[in-house]
Amino acid sequence: MENSSTVSSIILSAYFGMEDLKYLYFSIFLILYIAIIAENVIIIGVIYTEKTLHQPMYFLVCNLAANGLYGSTALLPALLKNVASHPSEVSLASCRTQIYCIHTYAIVEFTILGVMSYDRYVAICHPLRYHTIMSLTKVYKLVAFTWIYPLVAFLIFFIITLQLRFCDKTIDKLYCINYSLIKLSCTNTSVVNIIGLMSVVLYSVPQLVMIIYSYAHVLRVCALSSKESKLKALRTCTPHLFAIINYFVGCYFEILQSRFDTSHLPYRTQVFMSLYFLIFPPILNPAIYGLSIQAIRVKLLRLCYNKNRILSIQ
């Protein structure tokens, strides 16, 4: 055990398994990060520049893309640095900063998905009142809420972690998370763990209730509608449902790794499971929305066509 007064850095021991192929891992993660930045910036840029896309649903898609950039940047630059260096040791301050960013990314993502489910509920169940209920002023407030609520709510709980003293410095992961850091504490953390579980309920149950409520009403309306209306509702909800499924798959992998012993699994499987939550939603969500929503798809194709024309002229 380290003396609590000397623990000023954290060793992320999961990187030790990358030593033999660190250049391959570095290249893969760098390509993934570039792809995430490119995809999400393109989505944000298209929605920002095209006035016809200045509608509630597209602003929420833009918000989802912004959070994808936030979450991937909380992980991948540090991950690239740690893959390239040995030993993979980070300062305690950097570890705490990464914890705050990663956890708030997760809460912001779920909050955005909850708001998007409400948007789909209004669009399908109250189509004539959609633009009245989902006015731009209200959308701006909802976008602000999806960030302010998670940032403040997690900070209130995270203050407890900031006050802990640590007697160990090794986390068997590729990045810092709150539960792993708490386990290094010198003191009994039973109370902290209980508060943590209560905070998870606070961070997730309201969004989950909103998603279930919205889609329960959507299904009810679809059951009473014509076949054409059902297909239209399915098309408008499919991207959002894929995003929710993608999020929950990442949550499942993270809970599995955090709460259960997965050391018997192959190293690459452990890496895949630990990084899914922070890499796949940011890289898949822009593709899902860019290809599934016709208005965005048309603008992207037009953008590519115009660039090809300019290159051919030159």
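## Exercises on a predicted model

Helix α2 (residues 56-84) and helix α9 (residues 267-292) pack against each other in this predicted model, at an angle of about 145° and with their axes 9 Å apart. Let us start from that pair.

**Exercise 1. Describe the crossing of α2 and α9, and say which residues make the contact.**

Step 1: Take the handedness. The crossing in which α2 passes α9 is left-handed.

Step 2: List the residues on each side. From α2 come V61, L64, G68, G71, S72, L75, L76 and L79; α9 brings L275, L278, I279, P282, N285 and Y289.

Step 3: Sort them by character. The contact has 10 nonpolar and 4 polar residues, and no charged ones.

**Exercise 2. Work out which strands stand at the edges of the sheet, and find what packs on the sheet.**

Step 1: Write down the strand order. The open sheet has 3 strands, ordered β2-β1-β3, with mixed pairing.

Step 2: Read off the edges. β2 (89-91) and β3 (170-171) each have a single partner strand, so one side of each lacks a neighbour in the sheet.

Step 3: Look at one pairing closely. Strand β1 (residues 9-12) and β3 run parallel and are joined by 2 bridges. For L12, the bridge partner in β3 is I171.

Step 4: Add the helix. α3 (residues 92-125) packs on the sheet and touches β1, β2 and β3; the direction of α3 makes about 85° with that of β2.

**Exercise 3. Find the residues that touch the most other members of the largest nonpolar core, then trace the contacts of one of them.**

Step 1: Pick out the residues. The core holds 89 residues, and I10, F29, L181 and L275 touch the most other members.

Step 2: Ask which element gives the most. That is α3, with 19 residues.

Step 3: Follow I10. Setting aside neighbours within four places in sequence, I10 contacts S88, E89, V90, L92, C95, K169, I171, L181 and L184.

**Exercise 4. Decide whether I288 and P206 are buried, partly exposed or exposed, and pair each with a residue distant in sequence.**

Step 1: Take I288, in helix α9. Its relative accessibility is 17%, and because buried means under 20%, I288 counts as buried.

Step 2: Pair I288 with F242. They are 46 residues apart in sequence, with C-alpha atoms 7.6 Å apart.

Step 3: Take P206, in helix α7 (residues 190-223). With a relative accessible area of 46%, P206 is partly exposed.

Step 4: Pair P206 with F110. Here the separation is 96 residues in sequence and 9.9 Å in space, C-alpha to C-alpha.

Technical notes
Residues are numbered from 1 along each chain as its sequence is written. This is a predicted model: local features need pLDDT of at least 70, side-chain atom pairs count only at pLDDT 80 or more; totals for chains, interfaces and linings use all residues. Side-chain values use heavy atoms; hydrogens and water are left out. Axes are lines fitted to C-alpha atoms, for helices over the stretch in contact, and angles run from 0 to 180 degrees between N-to-C directions. Helices (H or I, at least four residues) and strands (E, at least two) are DSSP runs, numbered from the N terminus. A crossing is left-handed if the near helix is turned anticlockwise from the far one by less than a right angle, and right-handed if clockwise. Contact means heavy atoms within 4.5 Å. Ala, Val, Leu, Ile, Met, Phe, Trp, Tyr, Cys and Pro count as nonpolar, Asp, Glu, Lys and Arg as charged, and the others, Gly among them, as polar. Two strands pair if DSSP finds at least two bridges between them. A nonpolar core is a set of buried Ala, Val, Leu, Ile, Met, Phe, Trp, Tyr and Cys residues joined through side-chain atoms within 4.5 Å. Buried means under 20% relative accessible area, exposed over 50%, partly exposed in between (1.4 Å probe, protein chains only).
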